[in-house]
Amino acid sequence: MLLLALAFLGGALTILSPCILPVLPFVFARQDRSFARGTLPLLAGMAVTFAAIATLAAVGGAWAVRVNSFGRLLALVLLAAFGVALLSQRVADWLARPFVAFGNRLLQGAGQSDSVLPSAALGVATGFLWAPCAGPILGLILTGAALNGPSTQTTLLLFAYALGAISSLALAVFAGAGLLRAFKKSLGAVDWVRRGLGVAVLAGVVAIAAGWDTGLLTRLSFASTNRVEQSLIDAIHPRADSAMQSGAAMQASMTGSMSGSMSGTGHLAGAKTGAMTGAMPGGAAHGGPPVEGELPPVNGAVAWLNSAPLTAERLRGRVVVIDFWTYSCINCLRTLPYLKAWNERYKDHGLTIIGVHAPEFAFEKDEANVRRAVSELGITYPVAIDNDYAIWRAFDNQYWPAHYFVDAQGRIRGHHFGEGSYEESEQLIRELLTEAGQRDLPGASGAMRAAAIEIAPDESNVGSPETYLGYDRAANFASPVPVAKDQPASYAVPASLPLNQWTLGGKWIVGAESALSAASHDKIVFRFHARDLHLVLGPGPDGKPVRFRVTIEGREPGADHGADTDAHGNGSVAEQRLYQLIRQSGAIQDRTFSIEFLDPGVRAYSFTFG
């Protein structure tokens, strides 16, 4: 009930926004009839149509976009005919076209008819065309619809929003009705009022056809309601973003959890979905770390790097660390200094590390991309390219990064999901090597010296979740219009964003796993709270570098620039990988980040923070 009330209030506030202007003439043009027979059915038709179309646009595919586009075109034609009929009966008769005649019948009510259908039809047409300047409340409703799919609640919330809007419109009609009637009576101005309304209707049609209702008018705010709407949202549900929980996937993996001798529990705790526990099979081996199971087959990789293909049989007699990773995952990258150090320190003492590269995005299945990343990251231990997730499924793995520790007899003796617990991990490796008969091991690695993106996160200040830009997993998208799936669409950046909301600016094609820039100077804006901001990016199909410029709070980043930008915020996307764009050097607070792509063709996949 509270959400319905919130949606209603959000709709009522639209009367204060400039985007309502193009539809006002359609509403006032029915003043020649009683409220019950003219304005009320028009407003009802507008509300029902808006709720239905908004639901389809939020949860439907490309077909829904085409239906909406076709409906808008018909509505523009119908309302233009209505405007012409208002301007001149002689012109309407002269044109003698079906739509014009129908528009005239809508005006005249088919002569003596007292039917509400003409007004309702006008309302349906208006519902197709109305594009409110969406603030946080409508953005919240549409985001929920896009993420959760079609539901009765989605439609009810959108209808409540529309009811709020038509309620405020009805009040405006009542307020203006007396003035309009007085003007008609004075000086016999009925015909002039009729023509004036005709001009206003045609002006509204032109404004909507030109896109001013979703472009220019969204930037000419008479009275910004965003702050009021956000305060209403916060009053009902303070900023404990649900997306912070659903997006805890990679963020929770920063801390990770250990099993085996490191935790002493022999239980699995989830890094991506909070706490997930389940007893592991087996018992302790000679009083050491418990046995969790046998090493599954490690075959099925499409290619091996730095080594000939390895098998479980060939690995017998050696202690093995299996590392599930992917090269655009920031959490995986931050574990690399430790893995590389362990490899160098213990490879001659019976340790083999295998990096199982399991792709998250399509571009990570490109073997050339993986080879380049392995080379640039300085990885010298064996890497299995697991594009078909054969090894992933054999381990029943669910996380990036994930480490499994295997003894010389091929038994899993511990595992760790996510970052952290590096001292405990190395201690388990040393224990398994000693158990295998290794003596005179070198000293432990101790603290690592990491650089750039490999530096550990500032966990106490990470207040933003991993956020995907493709519609399959997107969350917290704030836009006056819903995402047009797999279709080119223009998006406008709102005047302000709440924490952890993001938006697009310019022309974009949003796909299932990424957003593709379709024009120069397209933008992505994110309100975040963290020391580091990263964005997975890739150049267009032609492979040409894409130049970009980033800002914080509208200014050059200066000392807060990341490893892939300079102090002026300049950089370029030349390959498909994770880019560190911001590393704040001072106090961490909520900041608005913006990246503008000076060339078209970039693909943007996901934000991560540290």
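Here are three short exercises on this predicted model, each with a worked solution.

**Exercise 1.** Work out whether helix α16 (residues 336–346) is largely enclosed, and find what covers its buried residues.

*Solution.* Start by going along the helix with the cut-off for buried in hand, under 20% relative accessible area. The residues of α16 that pass are Leu336, Pro337, Tyr338, Leu339, Ala341, Trp342, Asn343 and Tyr346. That's eight of the eleven residues, so α16 is largely enclosed by the rest of the structure. Next, look at what sits over them: the cover includes the strands β4 (319–325), β5 (351–357) and β7 (402–406), along with the helices α15 and α19 (422–435).

**Exercise 2.** Describe the second largest cavity by its volume and its lining.

*Solution.* First, search the whole structure: three cavities of 30 Å³ or more turn up. The second largest has a volume of about 50 Å³. Now list its lining, which comes to eleven residues, with Ser328, Cys329, Glu360, Glu466 and Thr608 nearest the centre. Two elements, α15 (330–333) and β19 (603–609), each give two or more residues to that lining. Last, sort the lining by class: five residues are nonpolar, four polar and two charged.

**Exercise 3.** Take strand β17 (residues 577–583): decide how enclosed the strand is, then look at how β17 pairs with β14.

*Solution.* Burial comes first again. Six of the seven residues of β17 are buried, so the strand is largely enclosed by the rest of the structure. Then check the pairing: β14 (residues 532–538) and β17 run antiparallel, joined over six bridges. To get the register, pick out His534, which stands opposite Gln580 in β17.

Note on methods. Residues are numbered from 1 along each chain as its sequence is written. This is a predicted model: local features need pLDDT of at least 70, side-chain atom pairs count only at pLDDT 80 or more; totals for chains, interfaces and linings use all residues. Side-chain values use heavy atoms; hydrogens and water are left out. Buried means under 20% relative accessible area, exposed over 50%, partly exposed in between (1.4 Å probe, protein chains only). Helices (H or I, at least four residues) and strands (E, at least two) are DSSP runs, numbered from the N terminus. Two strands pair if DSSP finds at least two bridges between them. On a 1 Å grid over the protein atoms alone, a cavity is a set of points where a 1.4 Å probe fits but cannot get out, and a pocket is an open set with protein on both sides within 12 Å along at least five of seven lines; lining residues have an atom within 4 Å of a point. Grid points are joined across faces, edges and corners, and a volume is the space filled by probe spheres set on the points. Ala, Val, Leu, Ile, Met, Phe, Trp, Tyr, Cys and Pro count as nonpolar, Asp, Glu, Lys and Arg as charged, and the others, Gly among them, as polar. Contact means heavy atoms within 4.5 Å.
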